[in-house]
Structure formats: C-alpha cells, structure tokens
Amino acid sequence: MSALTKAKGFKKSKTGTYLSIGTTAFGALSVIKQAKKARFEGDTLRLLDAVVSAAAIATGVALLLRELKRIGDDDVLLG
C-alpha cells in the first residue's frame, strides 16, 4: 500500500475526521479574533469577511459531523 493510499484512507477514518474537526475548530479562533478586531476598529468589510468565514467553518464542521455519522453507521460493532 502506497503512502498516498494510506493518507486517503486516514482522511476517511474516524481519527482523520476528528482531526479535521479539531483543525477546523482551531481555525474558528482566528475568525473570532478577526471579528473582535474588526468591531473594535469599526471595519465593516473585515467584519463581513469574519462572518462569511464563520459560516464556512460552521458548514465545514457540519459536513465533517455528517461524515463521522456515516462512518459510524458503516461500523458493524456500533450497530
């Protein structure tokens, strides 16, 4: 099995999905800081960018949670 095949398998695993959720949540911290700074400075465009980024993060986490549920449904031990 090649390293690329292993990497693709990891990406579709529970561990890989949890890691992706954690990484995405970590990115949310940056967006929160950006939003706070934009509000403090009164920068509407930067605040809008933070809101759109937050929506993208929320959508990404929702997709990852759906993938995690799908992986769980495929697991015969989880029923």
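This is a short walk through one predicted protein model, from its overall fold to a few individual residues.

I will start with confidence, as the model is predicted. The mean pLDDT of the protein chain is 83, and 77% of the residues score at least 70. The elements differ in this respect: helix H1, residues 3-11, has the lowest mean pLDDT, at 54, while H2 has the highest, at 92. Where pLDDT is low, predicted coordinates should not be read in detail. My examples come from elsewhere in the chain.

Now the overall layout. The protein chain has three helices and zero strands, so there is little to say about topology beyond the pattern α-α-α along the sequence. Helix H2 covers residues 14-41, and helix H3 covers residues 44-74. Of the 79 residues, 14% count as buried. The exposed area of the chain is about 6200 Å², and carbon and sulfur atoms supply 67% of that. As for contacts, take those between residues at least 6 apart in sequence: 61% of them join residues at least 24 apart.

Two residue pairs give some distances. Ser 53, in helix H3, has its C-alpha 6.8 Å from that of Val 31, with their positions 22 residues apart in sequence. Ser 53 is partly exposed, at 22% relative accessibility. The other pair is Lys 37 and Leu 47, ten residues apart in sequence and 8.4 Å apart C-alpha to C-alpha. Lys 37 belongs to helix H2 and is partly exposed, with a relative accessible area of 49%. That value falls short of exposed, because the exposed class requires over 50%.

Next, a buried residue. Thr 17 sits in helix H2, and its relative accessible area is 2%. The cut-off for buried is under 20%, so Thr 17 qualifies. What lies 2.8 Å from a polar atom of the Thr 17 side chain? It is the backbone oxygen of Ser 13.

On the surface, there is one nonpolar patch to point out. Leu 45, Leu 48, Val 51 and Val 52 make up this patch, which has an area of about 410 Å². One of its members, Val 52, lies in helix H3. Is Val 52 buried or exposed? Val 52 is exposed, with a relative accessible area of 51%.

That leaves the charged pairs. Side chains of opposite charge can pair when their charged atoms come close. How many salt bridges does a search of the whole structure find? The search finds two.

One of them joins Asp 43 and Arg 46, with the closest N and O atoms 3.3 Å apart. Asp 43 is partly exposed, at 26% relative accessibility. Arg 46 is partly exposed as well, at 44%.

The other joins Glu 67 and Arg 70, and here the closest N and O atoms are 2.6 Å apart. Why are these two residues separated by about one helical turn? Because they are three residues apart in helix H3. Arg 70 has a relative accessible area of 38%, so it counts as partly exposed.

To recap: three helices and zero strands, a nonpolar patch of about 410 Å², and two salt bridges. The caveat is helix H1, whose mean pLDDT of 54 is the lowest among the elements.

How values were computed:
Residues are numbered from 1 along each chain as its sequence is written. This is a predicted model: local features need pLDDT of at least 70, side-chain atom pairs count only at pLDDT 80 or more; totals for chains, interfaces and linings use all residues. Side-chain values use heavy atoms; hydrogens and water are left out. Helices (H or I, at least four residues) and strands (E, at least two) are DSSP runs, numbered from the N terminus. Buried means under 20% relative accessible area, exposed over 50%, partly exposed in between (1.4 Å probe, protein chains only). Contact means heavy atoms within 4.5 Å. Accessible areas come from the Shrake-Rupley method with a 1.4 Å probe; for residues, only the protein chains shown count as cover. A polar contact is a pair of N or O atoms within 3.5 Å; within protein, one must be able to donate a hydrogen and the other to accept it, and residues adjacent in sequence count only if both atoms are side-chain atoms. Patches are made of residues with over 30% relative accessible area and no salt bridge: like charges are joined within 9 Å, nonpolar side chains (Val, Leu, Ile, Met, Phe, Trp, Tyr) within 5 Å. A salt bridge is a side-chain nitrogen of Lys or Arg within 4 Å of a carboxyl oxygen of Asp or Glu. pLDDT is the predictor's confidence in each residue, from 0 to 100.
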